[in-house]
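The following exercises concern the reading of a structural model. Please attempt each task before turning to its worked solution.

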Amino acid sequence: MRELQPLLQVMSQEKDIHRVLLDISTQKKDVLIYNDVSALNGIVLREEGLVQRARELETQRQRITQVIAGDLGIEQKDLTFAQVIKLCDEPLKREFAALKSELSDIVTSLGQANEANKKLIKTHLDYTSFCIRLLTDAGEGYTYNSKGGTNEEGSANFRVFDRKA
């Protein structure tokens with residue numbers, strides 16, 4: 001059986017990146033609430049770099065687990081975290097168990113934060129769409145004249161923005 005320490009190191013790095021991504025998601029929530037587009041651009045760029053690093057680490061993790069699975073005579077897709085923990089001696093076993101717990105908590109929190117951000121973005125897009133419709137459809141239908149009557153529809157076709165432009 002190969003040494004499991006490299007797997008622990010790679011997964012610890014993945015955990016650290018996911019923790020930073022969670023912090024960024026919290027910052028993103030505040031930026032979305034206050035509609036700070038320039039700060040959002042900076043956050044997204046930082047997030048993209050971290051996601052790229054997470055992909056690289058995931059590739060490393062898959063290579064390591066491929067070797068471990070081969071040593072065990074099973075397919076990589078069938079190798080579970082619980083099996084890896086069983087393979088370890090006591091000090092490493094505790095580290096893997098703690099890592100599994102932390103990583104699970106972080107990924108769950110990250111999913112919840114991303115879902116909240118997704119709802120905020122949808123709300124902003126819905127509001128923006130509403131404003132655009134309001135500006136492009138302004139004046140359609142009847143309007144009232146100075147005598148309290150209604151103007152004909154043809155005279156009420158004033159729009160803030162012409163949709164044909």
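**Exercise 1: A lysine in a helix**

Lys15 has a relative accessibility of 12%, and the residue therefore counts as buried. The model under study is a predicted one.

Task. Establish where Lys15 lies in the secondary structure and which residues Lys15 touches, leaving aside those up to four places away in sequence.

Solution.
- Step 1. Lys15 belongs to helix α1.
- Step 2. The cut-off for a buried residue is a relative accessible area under 20%, and the 12% of Lys15 satisfies this condition.
- Step 3. With residues up to four places away in sequence set aside, Lys15 is in contact with Leu99, Glu102, Leu103 and Ile106.
- Step 4. A further pair links Lys15 with Ala54: the two are 39 residues apart in sequence, and their C-alpha atoms are 9.2 Å apart in space.

**Exercise 2: The neighbouring position**

Task. Decide whether Glu14 is buried or exposed, and list the residues that Glu14 touches when those up to four places away in sequence are not counted.

Solution.
- Step 1. Glu14 is located in helix α1.
- Step 2. Its relative accessible area is 5%, so Glu14 is buried.
- Step 3. Glu14 touches Ala54, Leu57, Glu58 and Arg61, once residues up to four places away in sequence are excluded.
- Step 4. Glu14 and Arg55 are 41 residues apart in sequence, with a C-alpha to C-alpha distance of 9.1 Å.

**Exercise 3: Packing of α1 with α2 and α4**

Task. Determine how α1 is oriented relative to α2 and relative to α4.

Solution.
- Step 1. Two packed helices are described by the angle between their axes and by the distance between those axes.
- Step 2. Helix α1, residues 5-33, packs with helix α2, residues 37-72, at an angle of about 160°, and the axes are 9 Å apart.
- Step 3. Angles over 145 degrees count as roughly antiparallel, and α1 is therefore roughly antiparallel to α2.
- Step 4. The contact of α1 with α2 comprises 19 nonpolar, 5 polar and 7 charged residues. The crossing of α1 with α2 is left-handed.
- Step 5. For α1 and helix α4, residues 90-136, the angle is about 25° and the axes are 9 Å apart.
- Step 6. Angles under 35 degrees count as roughly parallel, and so α1 and α4 are roughly parallel to each other.
- Step 7. α1 and α4 also form a left-handed crossing. The residues of this contact divide into 17 nonpolar, 8 polar and 6 charged.

**Exercise 4: A loop residue and a helix residue**

Task. State which accessibility class applies to Asn35 and which applies to Gln62.

Solution.
- Step 1. Asn35 occupies the loop between α1 and α2. Its phi is near 55°, a positive value in a residue other than glycine.
- Step 2. With a relative accessible area of 51%, Asn35 is exposed.
- Step 3. Gln62 is part of helix α2. Its relative accessible area is 38%, and Gln62 is therefore partly exposed.
- Step 4. Gln62 and Lys77 are 15 residues apart along the chain, and 9.7 Å separates their C-alpha atoms.

**Exercise 5: The chain as a whole**

Task. Summarise the secondary structure, the burial and the exposed area of the chain.

Solution.
- Step 1. The chain has 4 helices and 0 strands, in the order α-α-α-α along the sequence.
- Step 2. Of its 165 residues, 24% count as buried.
- Step 3. About 11,300 Å² of the chain is exposed, with 53% supplied by carbon and sulfur atoms.
- Step 4. Among contacts with a separation of 6 or more, 58% involve residues 24 or more positions apart.

Methods. Residues are numbered from 1 along each chain as its sequence is written. This is a predicted model: local features need pLDDT of at least 70, side-chain atom pairs count only at pLDDT 80 or more; totals for chains, interfaces and linings use all residues. Side-chain values use heavy atoms; hydrogens and water are left out. Axes are lines fitted to C-alpha atoms, for helices over the stretch in contact, and angles run from 0 to 180 degrees between N-to-C directions. Helices (H or I, at least four residues) and strands (E, at least two) are DSSP runs, numbered from the N terminus. Angles under 35 degrees count as roughly parallel, over 145 as roughly antiparallel, 65 to 115 as roughly perpendicular and the rest as oblique. A crossing is left-handed if the near helix is turned anticlockwise from the far one by less than a right angle, and right-handed if clockwise. Ala, Val, Leu, Ile, Met, Phe, Trp, Tyr, Cys and Pro count as nonpolar, Asp, Glu, Lys and Arg as charged, and the others, Gly among them, as polar. Buried means under 20% relative accessible area, exposed over 50%, partly exposed in between (1.4 Å probe, protein chains only). Contact means heavy atoms within 4.5 Å. Accessible areas come from the Shrake-Rupley method with a 1.4 Å probe; for residues, only the protein chains shown count as cover.
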